[in-house]
Each structure stands twice: as structure tokens, then as C-alpha cells.
Amino acid sequence: MDDVFGVYIHVPFCATRCGYCDFNTYTAGELGSAASPASWLEGLKRELDLGVRRIGARPAETVFVGGGTPSLLGADGLTDVLDAVRGSFGLAPGAEVTTESNPESTSPEFFAGIREAGYTRVSLGMQSAARHVLRVLDRVHTPGRPVAAAKEARAAGFEHVNLDIIYGTPGERVEDLQDSLDAVLSAGVDHVSAYSLIVEDGTAMARRVRRGELPMPDEDVLAQYYELIDAKLSAAGLSWYEVSNWAASEDARCRHNLGYWRGGDWWGAGPGAHSHVGGVRWWNVKHPAKYASLLAAGESPEDGREVLTEDDRYLERIMLELRLAEGLPLDALSGEGLRESSAAASDGLLDLRDGRAVLTDRGRLLADAVVRRLAA
């Protein structure tokens, strides 16, 4: 388990709504006058102060500003966000501070501003280099902009820059994915995240799939795409350290996300944000207007909580740590889990070495199934 403490900040604003997205985000038209970045920031400051009263001023070793589209706040807005963390929990020396950004709402001046504010890492949404794939995803950026933005971030002094890609979009061909990977590698980033498209219920894309307008790729195609991604990134010196994440060095790995995967503690602030401290998980109300009004009234924005049972913690540890390249300690498994790990090793899905269970290349393709076996 990880004792690193992180702070997650949820920015609920987006310029447009992507058809595949089911995150807690809102466009200006959806919010109207009910909430604004200013009311959200005021609520955020109050929630962070509430956090300190609840668990003490525990300096954040990692901060992750996600969303939504944090870059819509601009460099000044993101400076205010980080100042709010500094003024509440505080920042540990050498803290990793990440913000997600949409390439279209960034510029050289933006990157210079957030670098000066104390951000150490930028994660840019690229998704694909193919125009027709971006159209299916309802992404508004032009294909070349993410690479240009990554180069601008590096020029502003960011050593650690991530590009996100999504594979398996309906209509994506293998040559489209090849082009996307070539573009990623041309950007000179030290971290890449690659996620298989998941069509979430309730999204515009799910409705299109249900109507038969969009065909979903089969599992064999997705496995082929994953193997292609891993081969190209590995050849370029980016090694997998989590099933969907590759980094050029240990320093390039996202420490904040490693905290999640290793069962660490974090305070999640913002509408719909989730927190986990000491085996207790809780989550906030989703709507920005309700979030801000509760905090303005001196009330907690918490919408629900659960105390994790031993069984919950056992399952989550397997589910999260097994996805890491370092694997899961065998002594974390029950007797039945140990027997299943031996069987999975015989099936070529796990390597059992140095007291740990580590996914093989084939095991990574079937990671969810391996987790179910070990947790049974």
C-alpha cells in the first residue's frame, strides 16, 4: 500500500460535449447562470479548508487537476487553483503537480504561465491523428494541434508531458492508429496513455451504436491494436508501467496515478470528485451550482460514503496492483488466490517471480479476466 497523499481537483467545465464522454462535465450553455468558474473556485477553496479541518494539513505530494477541461481556466485560473492547495493542505517539497489540458485551449503563453505557477507536468488529450476518427469522437481539435502543444509545453520548461490516445473508435483502421503513434512519437513526450474506447451507457455514442450507426470493433481487433501500441512505444524507449501507461523513465511515471493504483490516500475536491482516506471512500454532489451553494452555506458537499470492508480492500488491491509492471505481492493473496495464480501462470498469463505475480504480455490483454480469477 502507498502512503503518498495526493489532492485531486475536478474542473467541471468543457467548451463542447464529446459524444463518448460520461464524465461529470458541463458546457456554458448547460450551466447558464447557475454556476461559473468563479463560484466553483470559491467553493473549491472552502472545500480544501474543510479537508484540512477533517484530516489535518497533510502536505500534498501529488496534485492532479482534471476534468472537464482545466485549461479553459487559463494560466491565471490554474494558478489560483494551485495557490488554493498551497494555502490549505500545502505542497510537499518536490511535489508532482499535473494539469490536464485540451490542446485547443493552450498556447506558449499558457504553458509559460502554469510552469511559473509551479505545475511540473502536463497531460494533453490527443485521442487520434485521423480526422475521421476525431469526428466520430466529436473532438474539436485539429489533428496537428496536440503535437504542437506538446512541443510548446516542452519549450516552456516542462520535462514531463503526456499525450492520451484512444484506440478502437468505430471506423478506426490500423493505418490510422499507426499514424497516431507516429505523431505521438514525433512530439518528443516522455509519457503516453492509451485507452480502448469504452462506450458508456447514456452517452450520444451509445445511442448511435444502439441504432446501428456505428459498428464496434471486436476483441481480437482491440488486442491487435494494443499489441501494436506496445510494440511501437517500447521500440521508442517508452516502457509500460501500468497496463494503459508507458513512460520513458521512472521519473516520467505519473506519481499521482501510482498513488491510486497502490491504494494511497487522496482528497478529491470539486463537483462529483471522489476521495479515499484510511479505507473510507466518499464522493461529492455532482452539479456545480449545488456544490458551490452547500459550501457557501458552510455545509459539506459530500453526497455519499462507504467504509471499505476487508473483502472490498482485497479485491481492489488485486484489481489495481496487478495492472502494474511491478505486479502484486504473492503474500497479498488468499490461499485460493495463490492456487489461481499458479494456474494462471501455467496458462501463460502470469509470471511468478521474486515473490510477485506479474502479468505476461498475453496476461495484459486479459487483465480483467486474471483479476477475476485471483479474486474469486
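Buried means under 20% relative accessible area, exposed means over 50%, and partly exposed lies in between, with a 1.4 Å probe and protein chains only. The model is predicted, so local features need pLDDT of at least 70 and side-chain atom pairs count only at pLDDT 80 or more, while totals for chains, interfaces and linings use all residues. Residues are numbered from 1 along each chain as its sequence is written, and side-chain values use heavy atoms, with hydrogens and water left out.

**Exercise 1. Describe how helix α3 packs against helix α4.**

Step 1. Two packed helices are described by the angle between their axes and the distance between the axes. Axes are lines fitted to C-alpha atoms, for helices over the stretch in contact, and angles run from 0 to 180 degrees between N-to-C directions. Helices (H or I, at least four residues) and strands (E, at least two) are DSSP runs, numbered from the N terminus.

Step 2. For α3 (residues 74-86) and α4 (residues 108-117), the angle is about 15° and the axes are 9 Å apart. That makes the two helices roughly parallel, a label for angles under 35 degrees (over 145 is roughly antiparallel, 65 to 115 roughly perpendicular, the rest oblique).

Step 3. The α3 and α4 crossing is right-handed, meaning that the near helix is turned clockwise from the far one by less than a right angle.

**Exercise 2. Work out which residues of α3 and α4 meet, then look at Ala75 and Arg86 in α3.**

Step 1. Take contact as heavy atoms within 4.5 Å. From α3 come Gly74, Ala75, Leu78, Thr79, Leu82 and Arg86; from α4 come Phe110, Gly113, Ile114 and Ala117. By class, this contact has six nonpolar, three polar and one charged residues. Here Ala, Val, Leu, Ile, Met, Phe, Trp, Tyr, Cys and Pro count as nonpolar, Asp, Glu, Lys and Arg as charged, and the others, Gly among them, as polar.

Step 2. Alanine 75 is buried at 17% relative accessibility. Setting aside neighbours within four places in sequence, alanine 75 touches Phe110, Gly113 and Ile114. Its C-alpha is 8.3 Å from that of alanine 112, 37 residues away in sequence.

Step 3. Arginine 86 is partly exposed, with a relative accessible area of 37%. With the neighbours within four places left out, arginine 86 is in contact with Leu91, Ala117 and Gly118.

**Exercise 3. Find how many salt bridges there are, and place two of them in the fold.**

Step 1. Apply the rule: a side-chain nitrogen of Lys or Arg within 4 Å of a carboxyl oxygen of Asp or Glu. The count comes to 19 salt bridges.

Step 2. Aspartate 265 pairs with arginine 58, with the closest N and O atoms 3.2 Å apart. Aspartate 265 sits in strand β9 (residues 265-269) and arginine 58 in the loop between α2 (37-55) and β2 (60-67), so this bridge ties together parts 207 residues apart in sequence. Aspartate 265 is buried at 16%, whereas arginine 58 is partly exposed at 27%.

Step 3. Arginine 323 pairs with glutamate 242, and here the closest N and O atoms are 2.6 Å apart. Arginine 323 is in the loop between α12 (310-321) and β13 (328-329), and glutamate 242 is in strand β7 (residues 239-242), so the parts tied together are 81 residues apart in sequence. Glutamate 242 is buried, with a relative accessible area of 2%, while arginine 323 is partly exposed at 21%.
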